[in-house]
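Student: I'd like a close look at how the helices pack in this one. Could you walk me through a helix pair and then follow the thread to whatever else is worth seeing?

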Amino acid sequence: MSDKSGMQRFGADGWVGVERHGFVAELVMDRPKAMNAVSTAMADALAEACAALAADRSVRAVVLSSTHERAFCVGADLKERNSFTDADLMRQRPRTRAAYTGVLELPVPTLAAVHGFALGGGYELALACDLIVADGTAVVGLPEVSVGVIPGGGGTQLLPRRVGAAKAAELVFTARRVPAAEAGQLGLVDRVVADGQDRAEALELATAIARNSPVGLRAAKRAMRLGQGLDLRAGLDLEDGAWRSVAFSGDRAEGVAAFNEKRDPDWPGE
């Protein structure tokens, strides 16, 4: 369904939307009464929206954003979970996991635009993106052990890959919340921008990324993601396979021609 602004809405409650900005798709979390807490319905909507974006070959970059003034996403909906039986929790698990996996496995470069609270599962959604742009109000962290669980949306795997094992261990074990300036210094986010500018900066960066070859962008992301954890020789073999997948593409031919003719490329996307 679509609202009056033309934003495509997902889920029965419409808590997740997709808005197009040319070749950039903005994946919008819009559950304001709960600060975008990830309930079962919210997770289903995120997974559905990500599946639609992954299938759309016209999308070259995605920005994950929030409409809430004071939060990106506060993580799991603990009010909902408080009513769960153990069986309910087990039934919910694959549905919430699909939401985080959906963001992580988007085949194009993905940027999180973070302001306010990005905690627990909220920060894990940001970690699932390739780049994180945060404004000065951002507060990030993985506080799950303080409520008797562990980061279950990818945090125990993605955070060490971002900041190293020891720093990730400190942050997970202490459940510490980290303000924007320190988060930037530690590499928990990639850019810290002026208050209120996270979305604009992320969209600007995504637009710059989207000017490049869609075939090249997808192959480069695939090579970098799949190469994590491989030894160097295996990683280079993976890179070679990715190179071969684009070397004879229409995008490669157009890119070389445009360079030599001193013009902007018109990417065929194949």
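Tutor: Here is a walk through two helix pairs, a sheet and a couple of unusual backbone angles.

Bear in mind that this is a predicted model. Let's start with helix H9, residues 214-227, and helix H10, residues 232-247: the two pack at an angle of about 165°, and their axes are 9 Å apart. An angle over 145 degrees counts as roughly antiparallel, so that is the label H9 and H10 get relative to each other. The crossing of this pair is right-handed. On the H9 side, the contact is made by Val 215, Ala 219, Arg 222, Ala 223, Leu 226 and Gly 227. H10 answers with Leu 238, Ala 242, Ser 245 and Val 246. Sort the residues of this contact by class and you get seven nonpolar, two polar and one charged.

Now put a second pair beside that one. Helix H5 (residues 155-163) packs with helix H6 (residues 165-174) at about 130°, with the axes 7 Å apart. Here the angle makes H5 and H6 oblique to each other, because roughly antiparallel would take an angle over 145 degrees. H5 passes H6 in a right-handed crossing. H5 brings Leu 159, Pro 160 and Val 163 to the contact, while H6 brings Ala 165, Lys 167, Ala 168, Leu 171 and Val 172. By class, the contact of H5 with H6 has seven nonpolar residues, no polar ones and one charged.

Follow the chain on from H6 and you run into a backbone oddity. Ala 175 sits in the loop between H6 and strand E10, residues 178-179. Its phi is positive, at about 60°, although Ala 175 is not a glycine. Is Ala 175 buried or exposed? With a relative accessible area of 16%, Ala 175 is buried, since the cut-off for that label is under 20%.

Lys 262 does something along those lines in its backbone: phi is positive there too, at about 55°, and Lys 262 is not a glycine either. You'll find Lys 262 in the segment after helix H11, which covers 250-260. Its relative accessibility is 76%, so Lys 262 counts as exposed. If you want a sense of where that puts Lys 262, take Ala 113 as a reference: the two are 149 residues apart in sequence and 34 Å apart in space, C-alpha to C-alpha.

That leaves the sheet. Seven strands form an open sheet with mixed pairing, and the order is E1-E2-E3-E4-E6-E8-E11. At the edges are strand E1 (8-10) and strand E11 (191-193), each pairing on one side only. On average, neighbouring strands in this sheet are turned by 20° against each other, direction ignored. For a look at one pairing inside the sheet, try strand E3, residues 24-29, with strand E4, residues 61-66: they run in the parallel sense and pair over six bridges. Within that pairing, Val 28 stands opposite Ser 65 in E4.

Notes:
Residues are numbered from 1 along each chain as its sequence is written. This is a predicted model: local features need pLDDT of at least 70, side-chain atom pairs count only at pLDDT 80 or more; totals for chains, interfaces and linings use all residues. Side-chain values use heavy atoms; hydrogens and water are left out. Axes are lines fitted to C-alpha atoms, for helices over the stretch in contact, and angles run from 0 to 180 degrees between N-to-C directions. Helices (H or I, at least four residues) and strands (E, at least two) are DSSP runs, numbered from the N terminus. Angles under 35 degrees count as roughly parallel, over 145 as roughly antiparallel, 65 to 115 as roughly perpendicular and the rest as oblique. A crossing is left-handed if the near helix is turned anticlockwise from the far one by less than a right angle, and right-handed if clockwise. Contact means heavy atoms within 4.5 Å. Ala, Val, Leu, Ile, Met, Phe, Trp, Tyr, Cys and Pro count as nonpolar, Asp, Glu, Lys and Arg as charged, and the others, Gly among them, as polar. Buried means under 20% relative accessible area, exposed over 50%, partly exposed in between (1.4 Å probe, protein chains only). Two strands pair if DSSP finds at least two bridges between them.
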